Amino acid sequence: MQIDPVERTIEYEPPSGPSDPRLFLAGADTDNGWLSGFFDRGSFVETLGGWARTVVAGRARLGGIPMGVIAVEGRTVENIVPADPANPTSEEQVLQEAGTVWYPNSAYKTAQAIQDFNSGEQLPLMIFANWRGFSGGQRDMFFEVLKYGAYIVDALTKYKQPVFVYIVPNGELRGGAWVVVDPTINADMMEMYADEKSRGGVLEPEGIVEIKFRKPQMLACMDRLDPQVRDLRQELANPDLAPAQKAEIKQALDAREKALLPVYTQIAVQFADLHDRAGRMAAKGVIRSAIQWAHARTYFFHRLKRRLHEEQLRKAIQAAASPDEQLTRQDAIDIIAQWFAHSHADADYDRDDKLVAS
């Protein structure tokens, strides 16, 4: 039996742009040989593959531990709606569905897969997030995309095993998709992480600029930073100017502002983009940590092993407590942390997952 070591780097990295998520899950054969993926080699098995193909669901093993898997198709796919046999006038429809977007069928597939992993098999769950949001067309609203999005929230709220949400390299999590997988909906079980090359935020940088840094704010910024704009504005404020001179200066000022506006817009978008990166997300506490993709396999194995052992021990402590004690979940975890600190005084219980799991 071939053993895929846990302490290895992930060789295949998701590229920027449309790509097949199965390659970073299972690995890929290339002209340069085999490039390893996130999970154990040969362990990923896709389920429901022919339905709602903008989402990939399946099962795999991480260091031998079985997990449920949900990933996002980055490429545009065809959704074929067959003709109705009972209606002679109906015809087959071929609909184009963009990648990284939840449609009614793929949202329903996601919710159904989460329910199966939780209720049927009690598997820990790994969600590789790369969604820009939900489709918002009239057809999709008619087919209840919001309802199926709520199904995802309901399924994650009821999840009883560890759930890891990881924003993949060159991926992003935006709009309603962020709200649906936000770990605060099930803080006991869900954790969110992001790769250093990923982006995350409800609004994209262009949207933030349109709201927070519109043209009046840009003109005020030019007035502070550009000497030519500042001088022209001061000249324009002179009450002794003749109308012809004032019109000439106003024309020069408008021309200068028009020339600078695209540059300032690009700078503003770049500044807004800096707030969407993993370091800023970690600083604001919306993700637990920024994890480099190459080492994500090792990190999540130890984190998963630790969480599974912790949950097992927590349940045993609560079951052993007398009815009068009424130990809460946090009380039990505090007891475990005290035991760990007694044995490893110099270690960090919250961060030393490998040591805690051993």
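Helices are DSSP runs of H or I with at least four residues, numbered from the N terminus. The views below come from a predicted model.

**View 1. Helix α9 and its length.** Ala247 is found in helix α9. This helix covers residues 243-274, which makes 32 residues. At 1.5 Å a residue, a span of 46 Å is expected. The C-alpha atoms at the two ends of α9 lie 45 Å apart, so the model agrees with that expectation. Within the helix, Ala247 and Ala272 are separated by 25 residues in sequence. Their C-alpha atoms are 36 Å apart in space.

**View 2. The kink in α9.** Helix α9 bends by about 35° at Leu261. The proline Pro262 follows shortly after the kink.

**View 3. Buried and partly exposed residues of α9.** Ile249, Leu253, Glu257, Leu260 and Tyr264 are among the buried residues of α9. Ala268, Val269, Ala272 and Asp273 are also buried. An α-helix has 3.6 residues a turn, so residues three or four places apart point the same way. The cover over the buried residues of α9 includes β12 (199-201) and α6 (205-212). It also includes α7 (215-225) and α8 (227-236). Ala247 has a relative accessible area of 47%. Buried would require under 20% and exposed over 50%, so a residue between these limits is partly exposed. Ala247 is therefore partly exposed.

**View 4. The contact of α7 with α8.** These two helices pack at an angle of about 95°, and their axes are 6 Å apart. That angle makes α7 roughly perpendicular to α8. On the α7 side, the contact is formed by Met222, Asp223, Arg224 and Leu225. On the α8 side, Pro227, Val229, Arg230 and Arg233 meet them. By class, the contact has four nonpolar and four charged residues, with no polar ones.

**View 5. Ala52, a positive phi in a loop.** Ala52 sits in the loop between β3 (45-47) and β4 (55-62). Its phi is near 50°, a positive value in a residue other than glycine. The relative accessible area of Ala52 is 5%, so this residue is buried.

**View 6. Glu144, a positive phi between two helices.** Glu144 lies in the loop that runs between α3 (138-142) and α4 (145-157). Phi of Glu144 is positive, at about 65°, although the residue is not a glycine. With a relative accessible area of 36%, Glu144 is partly exposed.

Note on methods. Residues numbered from 1 in each chain as written. Predicted model: local features only at pLDDT ≥ 70, side-chain atom pairs only at ≥ 80, totals over all residues. Heavy atoms only, no water. Expected span 1.5 Å × (residues − 1). Bend = angle between axes of the 7 residues up to and from the residue. Buried < 20%, exposed > 50% of the residue type's maximum accessible area, 1.4 Å probe, protein only. Contact = heavy atoms within 4.5 Å. Axes fitted to C-alpha atoms, helices over the stretch in contact; angles between N-to-C directions. Parallel < 35°, antiparallel > 145°, perpendicular 65-115°, else oblique. Nonpolar A, V, L, I, M, F, W, Y, C, P; charged D, E, K, R; others polar.
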